[in-house]
Amino acid sequence: MNTQPSFEQMLAENDGRIRYIASRYGGPGERDDMYQEILLQLWRSYESFSGQASIGTWVYKVALNTANSFVKSRIKRNDLHHNISNQVAQQSEAEHTGCQADILTQFMDQLGDIDVGVLIMYLDGLKSEDIAEVLGISDNAVRSRIKRIKREFEQNFVGDES
């Protein structure tokens with residue numbers, strides 16, 4: 001008996017996280033392309049989804065792997081300079097507004113790709129075991145990264161109130 005949701009249902013349930021990953025990893029003007037590429041990769045691999053992991057974990061794995069491949073190909077096209085300029089402008093804009101989403105974006109811009117992946121999944125409520133499975137690292141490594149990320153956030157954005 002197959003209890004796997006339909007492709008459309010899976011997309012509906014995971015659209016927010018797919019769009020967030022596309023917006024986080026895609027540069028300006030690339031987010032829609034990355035979103036489409038993630039959907040294409042999900043479609044191509046959906047039939048082979050075995051159900052050994054949760055559907056949400058599988059979506060993260062496909063989306064993050066696709067996003068990382070997309071970023072690597074962008075770098076190969078020597079588009080890095082353009083992205084850095086835009087990120088500096090976005091960071092400058094975020095520093096002026098100070099709302100929670102802008103602060104989180106500014107913090108995530110300082111993190112590496114793996115740490116961003118860990119943080120996205122952690123904030124979405126995934127267990128460290130599931131995050132480890134998606135990223136192909138140990139559960140202990142995930143928990144260590146989460147502790148370090150929390151500490152960095154507190155040092156950079158919370159400060160000492162005394």
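1. Asp-124 comes out as partly exposed, with a relative accessible area of 36%. Keep in mind that this is a predicted model. The partner of Asp-124 is Arg-17: the two form a salt bridge, and their closest N and O atoms are 2.5 Å apart. In sequence terms the contact links distant parts of the chain, since Arg-17 is in helix 1 (residues 7–25) while Asp-124 sits in the loop between helix 6 (113–123) and helix 7 (128–135), 107 residues away.

2. Next, have a look at Asp-115 and Arg-148. They make a salt bridge too, with 2.7 Å between the closest N and O atoms. This pair again links distant parts of the chain: Asp-115 belongs to helix 6 and Arg-148 to helix 8 (residues 139–158), 33 residues apart. Asp-115 counts as buried, at 8% relative accessibility, whereas Arg-148 is partly exposed, with a relative accessible area of 25%.

3. Don't treat that pair in isolation, though. Asp-115 and Arg-148 are part of a network of salt bridges that also takes in Arg-145 and Glu-152.

4. Helix 8 also holds Asp-139 and Arg-143, four residues apart, so about one helical turn separates them. Their side chains meet in a salt bridge at 2.9 Å, N to O. Both ends are partly exposed: Asp-139 has 21% relative accessibility, and Arg-143 has 38%. Asp-139 is worth a second glance if you bin by accessibility, because buried means under 20% and this residue is at 21%.

5. For the overall tally, searching the whole structure turns up seven salt bridges. Among them are Arg-17 with Asp-124, Asp-115 with Arg-148 and Asp-139 with Arg-143.

Note on methods
Residues numbered from 1 in each chain as written. Predicted model: local features only at pLDDT ≥ 70, side-chain atom pairs only at ≥ 80, totals over all residues. Heavy atoms only, no water. Salt bridge = Lys/Arg side-chain N within 4 Å of Asp/Glu carboxyl O. Helix = DSSP H or I, 4+ residues; strand = E, 2+ residues; numbered from the N terminus. Buried < 20%, exposed > 50% of the residue type's maximum accessible area, 1.4 Å probe, protein only.
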